[in-house]
Amino acid sequence: MNRLFKKYEGKLPLKVINDIKEKLPKKISEAKLKKILEEVVMEYNKMLVQPGESVGLVSAESIGEPGTQMTLNTFHFAGVAEMNITMGLPRIIEILDGKKTIETPMTEIYLKKPYSQGKNIKKLALSIKETKLNEIVSEFMVNIAESKIELRVDEKRMESIGVNYPVIQKCIKASFKELALSKKGDSIILKLSEKEKELNQLFKVKEKIKEVYIQGIKGITQVLPIKKGSEFLIITAGTNLKKVLELDFVDKTRTISNNIFEIASVLGIEAARQAIINEVFKVIQNQGLNVDIRHLMLVADTMCATGTIKGVTRYGVVKEKASVLARASFETPIKHIFNASLIGEVDHLNSVVENVMLNQPVPVGTGLPGLVTKVKREPEWLKNKH
Amino acid sequence: MSEVYLNGKFIGTVENPIEFSDKIREGRRKGVISNNVNVYNDKIVGNIHINDDKGRLRRPLIVVKDGQPLLIDEHIRKLQKNEILFSDLVKQGVIEYLDAAEEENAFVAFSKGELTNEHTHLEIAPLAMIGLCTSLVPYANFSPGARVSIGSKNQKQALGMYAINFPIRIDMDVNMLHYPQIPVVQSVMHDVSNYNKHPSGQNIIVAIMSYKGYNVDDAVVLNKASINLGFGRSTYYRPSIAEELRYSGGLTDEISIPDKDVKGYKSEKDYRLLEKDGIIFQEAKVGEGDVIIGKTSPPRFLSSMDQYNFAPSSRRESSVALKHGEEGIVDFVLITESSEGNRLVQVKIRDQRIPELGDKFTSRHGQKGVVGLIVDQADMPFTASGITPDLIFSPHGIPSRMTISHLIELIAGKVGALSSRYIDGTLFDVEPEEMLRKELLSLGFRENGVETMYNGITGEQLEAKIYIGNIYYMKLKHMVANKMHARARGPIQLLTRQPTEGRAKEGGLRLGEMEKDTFVAHGASLLLKERFDADRTVVPVCEECGMIAIHDKFKNKLYCPICGDNVEINFIEISYAFKLLLDELKSLTIHPKLVLKNKY
């Protein structure tokens, strides 16, 4: 039986074979199974795209036409901590153009078992959030006479994010070595060293100290614990996928950011390809439109084919085109023609646009097939007879 | 303290803005300051804007003081006796014009009943809130504003009688409606604006029902008998103009029948309608290509020697002929002088336009539609009393547009026609619908306007009662005869060898970028090539240098201008546009080398 399946592995995709294996009745004769498999192969081949089908153009039309109906609205999350996400057409443009910095970077952090049930979820979330000194200090007081800065710390806030005085003091010390630190009640007093006792310096330090990093992951500006189904997860504004995945309470198999480039650098180009498909599909579904996912797969494939992400722009995918004429027909034609003439580029007229320009049959559909046999050129003796 | 701006320019400050602006208004009412001046006190920003420049939209309102309008019955009586004029009231400060800015400071009462001490102005009439054309829409307060303004836009395009002296006028693109009628359902503006002296539509019987699907999607079905009786019939006038221009060197154009040796001579048949003076006679029937005014011009480029050359053949034909698709009858010939003193000939051509499939008709409520079918009267549905509608309007045009005024006009028109009187449909001051219904009942009809009707083809009674009555309909200036266009072969552009563009030039209909994509998506590669064969060319290419070679057809010789005639030269088939691209690249000092390969 298994030998029979093995024989069909080249003819059918693995998933289809596994599906058949699963659905098969326990007792089945080899002959019947073969009959089934033959039937499946036939149906499978019927569903394959015909050679010469212009899949790219059909994809472009299939994504482009619903795109005209899309609204330009950005939707809002209702809730205590409201988060704004780019959605709709701007988001699709952002993804397909291959923008390096996206408008609303976001991470969806899935958690490991005890935490995913809601254990310490708030504390966990706040520990991820990048916290700076001025967020836990309620007042900065400058004492000019003694060249001191007094920081009144908000203890409630401090407790909620789980830091204590020694941690804060350590953090300040790390970036301002020459400051003398002392604690008095709920305040931390900083004293400038004798050398830098100028008034000017005092205010400079006061401004700088606000930005001192206390804890959390750099780049994550906002956190929002939410419940999705029966599971708790943390949504963050701002991304730092690499650092997030290093945390031990994070489910590394499902946690994902919405920045395609970040995914490509952390998880690789295959993951980025899938991310493009998922992100675009999410938007299209959100708008209540219906686009076959295979069109998006094709787009994602062309964007990732070179190993790095190329946007569908004249600097990305279009630049990779082999034909000079095809590149020139899409934005900045003179630049392309000049550069091509400098290196003596040859256009082999292998694609659609060039052939439309020259009024030749385009090599898709009926224009694709050619003769296999070579037509002999007119022999010399016949030529002379004319 | 407020800043004061005069026509947008800062001119100073005042301590008390309210007192200041009141003072100006006071002065304007007393006649000390021109009544063109408007003041606007922007209380939020704290600025005062005084405007007296042109281009501001203004409207008249009655001035109110302490809750009492300044316009009293005495004024009305004097107005009726023609002792004073409207302008006198403006001079007295009883009525004043406010612009959009000053209206911001005013508190306008809609009617006399709602006046309080706070009001500053009172509407003369609710009608004064809307413009002239919009006030010609009857029962307008029953329809959405968007439809009312569409209705008023449509009226501007309606055919009518634009001037009484039209037979002796020369205007571009003129349409005259043959039997214009005064609308049965009117507003006071129809009288005030003299609309009734030159109306632009006809009162017809309209049934709201479907007719075999020929009135779907805003189409209307017309009764052939109504057309034969003159409904929607109009005449289209178009002038042709020729001037004997003078050129340097004492040369002039000459209006005459061109000699046969003139450059560009058409054919004898085209000149057959010209009289001795080279101008067509009145009431001549002309068609496409016929010359109306024969004219010759001196040669375009004169070399210095040509001045002494009296060869007659050098003159050029420049007659005025009817363009593609035009026809008509010569209505009027006028010979005058232009402002430069040149002889000027103007010929007006008239063409009768009988309503046909595709002509555009509209009621006054933004319910425009195109003729979808013209039906014999015998096949039209008829009422129990034998009335057939002139036009059938689709019921699907009503729910989404909510033009209730259209429906009310139908009843109002029916009542007006039956009781032979005009119905008042002035905005916010209409004859109430209930009264109309009661009157309709007393006239022996169903009060809701519906009637039992019979299928005109089978004679069967229609299951539904049909809403039928009279509506004022207008023919719009968009007629198929001026727009219809198709082409298989025709003229091409000199530069690109592609078909010309536009109806006037008998142009092609462009198969654009996205249309091209559909061919590619279907894989219809060879069909696509065929569609783009309009500028197909076969050119010889030198295999040595890859540039386009020369085919000397006289000597039947092929040679390359660079490599001579001792090279292999082959023909290729490309689009002429691509040949142009190659030429353009050459002008950019780029050598586009074509490398030829056997196709098979």
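Modeller: A nonpolar core is a set of buried Ala, Val, Leu, Ile, Met, Phe, Trp, Tyr and Cys residues joined through C-beta atoms within 7 Å. The model before us is predicted, and its largest such core has 52 residues.

Colleague: Which residues have the most contacts inside this core?

Modeller: They are Val206(B), Val220(B), Leu391(B) and Ile392(B). Among the elements of chain B that give two or more residues to the core are strand S12 (202-208), strand S13 (219-223) and helix H8 (404-418). Another core, of 35 residues, lies apart from it and includes Ile63(A) and Met303(A).

Colleague: What makes Leu391(B) a contact of Val220(B)?

Modeller: Two residues are in contact if their C-beta atoms lie within 7 Å. Leu391(B) is listed among the contacts of Val220(B), as are Phe361(B) and Ile392(B).

Colleague: Why is helix H3 of chain A said to lie largely in the open?

Modeller: A buried residue has 20 or more other C-beta atoms within 10 Å of its own. Of the 18 residues of H3(A), the number that are buried is 0, so the helix lies largely in the open. Helix H3(A), residues 30-47, reaches 26 Å from its first C-alpha to its last, close to the 26 Å expected.

Colleague: How do you know that S21(B) and S22(B) pair?

Modeller: Pairing requires at least two bridges. S21(B) and S22(B) run antiparallel and are joined by 8 bridges, so the requirement is met. Val330(B) stands opposite Ile349(B) in S22(B). The two strands form a hairpin with 5 residues between them, and Gly341(B) in the turn has a positive phi of about 90 degrees.

Notes
Residues numbered from 1 in each chain as written. Chains lettered and ligands numbered in written order. Predicted model: local features only at pLDDT ≥ 70, side-chain atom pairs only at ≥ 80, totals over all residues. Helix = DSSP H or I, 4+ residues; strand = E, 2+ residues; numbered from the N terminus. Expected span 1.5 Å × (residues − 1). Buried ≥ 20, exposed ≤ 12 C-beta atoms within 10 Å, placed from the backbone. Lists of a residue's contacts leave out its neighbours within four places in sequence.
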